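Visitor: Got a minute to walk me through this one? I'd like the basics before I set anything up.

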2 protein chains.
Amino acid sequence: MEPKPDYFTPIAMTTINTHPTIDELKDQIKKLNSKAGQMKMDLHDIAEGLPTDLDKLPEISARTYNIYCELRDLKQQLKILETNP
Amino acid sequence: MEPKPDYFTPIAMTTINTHPTIDELKDQIKKLNSKAGQMKMDLHDIAEGLPTDLDKLPEISARTYNIYCELRDLKQQLKILETNP
């Protein structure tokens, strides 16, 4: 049996660490990028297979949206840190 | 310039017509199917192109979900009507 994807474990604790270093940020972005890529593929597959798995759509799309927003924020933070270290 | 897709016009007035005939239902399902196919492709394209158009994701996915739910309801109604005309 295929293992169920884990959509529930918090992805990054970034919001708690208010003063991450550049290296910490880069590490978080890398991890989040990988997770975001997976979510994107899942959403893509759901869209492709509709109406199969219709019931999963609201959650998967919300989580995909959130992860990309978080990624955008982190990249913005990194940019600021790199400009004004 | 490409025309903007119309996501705001109500798709079917099905919910108002509480006693549609089998033919009316079939017609509504046909129209909705076509619209649903378009939404599915839009969602698919957004998923594929992420993070481009990230801001459109919540609305497009919600509308895609709603349209497929409506389609499911209509098909269920049709089934009932066909079984007990």
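Guide: Here is a short tour, taken one topic at a time.

Guide: This is a predicted model, where local features need pLDDT of at least 70, side-chain atom pairs count only at pLDDT 80 or more, and totals for chains, interfaces and linings use all residues. Residues are numbered from 1 along each chain as its sequence is written, while chains are lettered from A and ligands numbered from 1 in the order in which they are written.

Visitor: OK, how many helices and strands in chain A?

Guide: Chain A has 2 helices and 0 strands. Helices (H or I, at least four residues) and strands (E, at least two) are DSSP runs, numbered from the N terminus.

Visitor: And what percentage of chain A counts as buried?

Guide: 20% of its 85 residues. Buried is 20 or more other C-beta atoms within 10 Å of a residue's own, exposed is 12 or fewer, and partly exposed is in between, with C-beta atoms placed from the backbone.

Visitor: Switching topic: what rotation superposes chain A on chain B?

Guide: A rotation of 180° with 0.0 Å of shift along its axis, at RMSD 0.0 Å. That is the relation of a two-fold axis. The fit is by least squares on the C-alpha atoms of residues with pLDDT of at least 70 in both copies.

Visitor: Which residue of chain A comes closest to that axis?

Guide: A:H44, with its C-alpha at 2.7 Å.

Visitor: How many residues does the contact take from each chain?

Guide: It takes 15 residues from chain A and 15 residues from chain B. In contact means that the C-beta atoms of two residues, placed from the backbone, lie within 7 Å. On the chain A side, α1 (22–49) and α2 (57–83) each supply at least two residues, and α2(A) gives the largest share, 7 residues. By type, that side has 9 nonpolar, 3 polar and 3 charged residues. Here Ala, Val, Leu, Ile, Met, Phe, Trp, Tyr, Cys and Pro are nonpolar, Asp, Glu, Lys and Arg are charged, and the others, Gly among them, are polar.

Visitor: Why do you say the copies meet through the same surface?

Guide: Because 100% of the interface residues of chain A are also interface residues in chain B.

Visitor: How do the axes of α2(A) and α2 of chain B cross?

Guide: They come within 10 Å and cross at roughly 175°. Axes are lines fitted to C-alpha atoms, for helices over the stretch in contact, and angles run from 0 to 180 degrees between N-to-C directions. The two helices are therefore roughly antiparallel, a label for angles over 145 degrees. A:L57, A:P58, A:S61, A:T64 and A:Y65 meet B:L57, B:P58, B:S61, B:T64 and B:Y65 there, and the residues of this contact are 6 nonpolar, 4 polar and no charged.

Visitor: What do the buried residues of α2(A) pack against?

Guide: They pack against α1 of chain A together with α2 of chain B. Those buried residues are A:L57, A:I60, A:S61, A:T64, A:I67, A:L71 and A:L74.

Visitor: Last thing, the backbone. Where is the cis peptide bond at A:P51?

Guide: It joins A:L50 and A:P51, with omega about 5°. A:P51 is in the loop between α1 and α2 of chain A. In chain B, a cis peptide bond joins B:L50 and B:P51, also with omega about 5°.

Visitor: And what is phi of A:D53?

Guide: It is positive, about 60°, although A:D53 is not a glycine. A:D53 is in the loop between α1 and α2 of chain A, and is partly exposed, with 14 other C-beta atoms within 10 Å.

Conventions:
Angles under 35 degrees count as roughly parallel, over 145 as roughly antiparallel, 65 to 115 as roughly perpendicular and the rest as oblique.
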